[in-house]
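Q: I am new to this structure and would like a close look at a single part. Please take one chain, go through how its parts meet, and keep the rest brief.

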Amino acid sequence: MLRPRTVRLWGLLLALFAFGAAAAGDLPRVRSGIEYASGNIRSMQADDFANPGMLWVTRGEKLWNTPDGSSGKSCAGCHRDAASSMKGVATHYPLKDRGTGRLLNLEARINHCRETRQGAEPYRYETDELLGLTAYVAHQSRGMPLQVRVNDDNRMHYERGKAIYYRRQGQMNLACTHCHERNAGRRLLSETISEGHGNAYPIYRLEWQSAGSLQRRLRSCYFGVRAGLPEFGSEELLDLEFFLAQRAAGLKVETPGVRR
Amino acid sequence: MQWMAGLWALAAGAARAQPDVANDLRPLIAELTGGAAVNPGRVRVETPRLADNGHSVPMKLVVESPMTAADHVLSITLLSPRNPRPLMARFVLGPRAGRAEILTRVRLNGTQAVLAIVQLSDGTFWSGSAEVEVTESACLDAG
Amino acid sequence: MVARVQVPSGAARGEVIAVRIAIQHPMETGFRYDLRGNRVSKNVINNLVCRYNGTEIFRAEMGSGIAANPSLQFYTVAAESGELQFEWVDDRGVRGEERVQLTVRG
């Protein structure tokens with residue numbers, strides 16, 4: 001015969017268990033690429049010294065404080081200390097710029113600032129300068145969850161990005177979803193397929209022997225299925241980035257990430 | 001806006017693994033040691049058993065040595081039986097090191113056993129090696 | 001060349017400390033081709049020296065077998081307060097240098 005207090009305790013435990021089970025079942029499980037990576041990659045990313053991406057963050061910090069363009073101003077000239085002014089900024093990108101109505105990722109925002117505020121030439125994708133500044137700015141949001149929200153203003157970009165994500169393409173006639181949703185966690189030859197999120201970008205990729213942007217990685221995926229590569233900075237890649245950012249909502253910024 | 005990717009600058013590595021190379025390391029070792037015998041032992045080569053990518057494989061070299069003025073490591077040389085250039089690196093230490101341990105990252109052109117040759121202050125040579133499995137990228141990344 | 005150097009913030013006299021340096025450099029093997037089909041010429045950091053208050057404590061002679069963006073960790077005995085100076089050069093003759101202060105207590 002159980003005592004009333006024991007019955008109440010068991011009842012409480014049962015209720016907690018039921019609630020926990022229901023909650024876990026309801027939440028979609030979104031995992032960063034680092035969780036699919038080997039122990040060596042994880043330790044390389046976790047150690048700021050071993051992480052080669054930090055070399056670009058260091059470069060970005062130098063550039064941040066270097067005057068440029070006809071204005072003779074540096075980023076710091078307006079934005080002061082990046083650690084405070086840029087904190088949380090990357091979590092909102094890509095976003096639709098109210099002024100120009102353009103969808104901007106971080107790279108486009110940096111170049112927009114260079115052109116309109118500094119009177120400087122935009123940096124090309126994959127240059128050390130653009131990678132450095134993008135990595136430096138995104139790095140200030142490291143550890144913070146991505147929070148790109150879809151609203152009436154930007155919904156068309158989300159829908160277009162989503163259509164691209166689910167569209168079969170290339171000689172192999174595959175869509176992003178076929179690897180990164182249906183087969184995430186499974187092996188492709190010796191490698192484990194991740195969910196394909198962009199929360200760690202710019203990353204240092206061992207295969208590239210360099211840091212690189214999310215757009216570089218996306219273009220590689222197009223190549224992977226033998227599709228034609230969209231241009232850097234194209235609408236297609238920006239829309240796809242926007243969809244991906246929404247898909248990765250809640251994942252923490254890891255910049256600079258390390259991937260194989 | 002059309003962005004020129006700067007692909008020329010990227011110099012996308014179209015060359016994959018080099019043609020299969022099997023280096024005969026014996027002449028190179030003889031040159032390093034001046035013909036002296038090389039004893040297996042004293043040096044540990046620590047690497048992952050399976051490399052994430054042959055472009056960058058972490059490697060730790062540890063030599064058992066008191067690292068005193070009288071008894072220390074002079075140098076550690078890394079040799080590859082399978083890279084296009086068998087001599088990978090040479091590290092020069094000395095008694096001021098305190099500990100004969102080096103960490104770095106190497107390039108490996110396929111599965112192989114990397115060889116470390118250590119020269120001690122007493123004139124002896126020692127060797128150690130570690131086998132690393134290197135696979136190709138599953139989804140070919142043209143850059 | 002962008003480089004990052006790391007030593008402990010302070011050390012006891014006689015303590016063996018880890019010294020770390022990472023340098024941004026492609027360590028170009030000379031076996032790669034660009035998109036025009038031309039070979040990209042070899043260019044690696046072939047020599048790196050570390051001096052502790054002027055005395056050489058470590059040297060690395062490297063080839064293309066060292067990975068791009070080379071990272072090195074080695075050790076030295078914290079003998080006295082002073083400066084660790086790193087100097088390196090690549091196949092093109094481009095030199096790099098970094099200096100870091102080391103405080104030794106006791």
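**Domains and helix packing in chain A**

A: In this predicted model, the domain assignment divides chain A into domain 1, made of residues 30-46 + 145-259, and domain 2, made of residues 53-139. The centres of domain 1 and domain 2 of chain A, taken over C-alpha atoms, are separated by 22 Å.

The two domains of chain A touch through 26 residues of domain 1 and 20 residues of domain 2. On the side of domain 1 of chain A that touches domain 2, the elements giving two or more residues are the strands β5 (203-205), β6 (210-212) and β7 (257-259) and the helices α10 (214-224) and α11. Of these, α11(A) gives the most, with four residues. Sorted by class, this side of domain 1 of chain A has 14 nonpolar, nine polar and three charged residues.

Helix α11 of chain A, residues 235-247, also packs with helix α8 of chain A, residues 155-165: their axes come within 7 Å and cross at roughly 95°. Angles from 65 to 115 degrees count as roughly perpendicular, and α8(A) and α11(A) are therefore roughly perpendicular to each other. Sorted by class, the contact of α8(A) with α11(A) has six nonpolar, three polar and four charged residues. From α8(A) come A:His157, A:Tyr158, A:Arg160, A:Gly161, A:Lys162, A:Ile164 and A:Tyr165. They meet A:Glu236, A:Asp239, A:Leu240, A:Phe242, A:Phe243 and A:Gln246 in α11(A). Helix α11(A) thus has a part in two contacts, one with α8(A) and one on the side of domain 1 of chain A that touches domain 2.

Chain A also touches another chain. Nine residues of chain A are in contact with ten residues of chain C. On the chain A side of this contact, helix α3 (residues 53-64) supplies the largest share, four residues. By class, the chain A side has five nonpolar, three polar and one charged residues.

For the setting, a few words on chain B. Chain B has two helices and nine strands, and along its sequence they follow the pattern α-α-β-β-β-β-β-β-β-β-β. Of the 143 residues in chain B, 40% are buried. Among the contacts in chain B with a separation of 6 or more, 66% are between residues 24 or more positions apart.

Definitions and conventions: Residues numbered from 1 in each chain as written. Chains lettered and ligands numbered in written order. Predicted model: local features only at pLDDT ≥ 70, side-chain atom pairs only at ≥ 80, totals over all residues. Buried ≥ 20, exposed ≤ 12 C-beta atoms within 10 Å, placed from the backbone. Contact = placed C-beta atoms within 7 Å. Nonpolar A, V, L, I, M, F, W, Y, C, P; charged D, E, K, R; others polar. Axes fitted to C-alpha atoms, helices over the stretch in contact; angles between N-to-C directions. Parallel < 35°, antiparallel > 145°, perpendicular 65-115°, else oblique. Domains from an automatic or database assignment.
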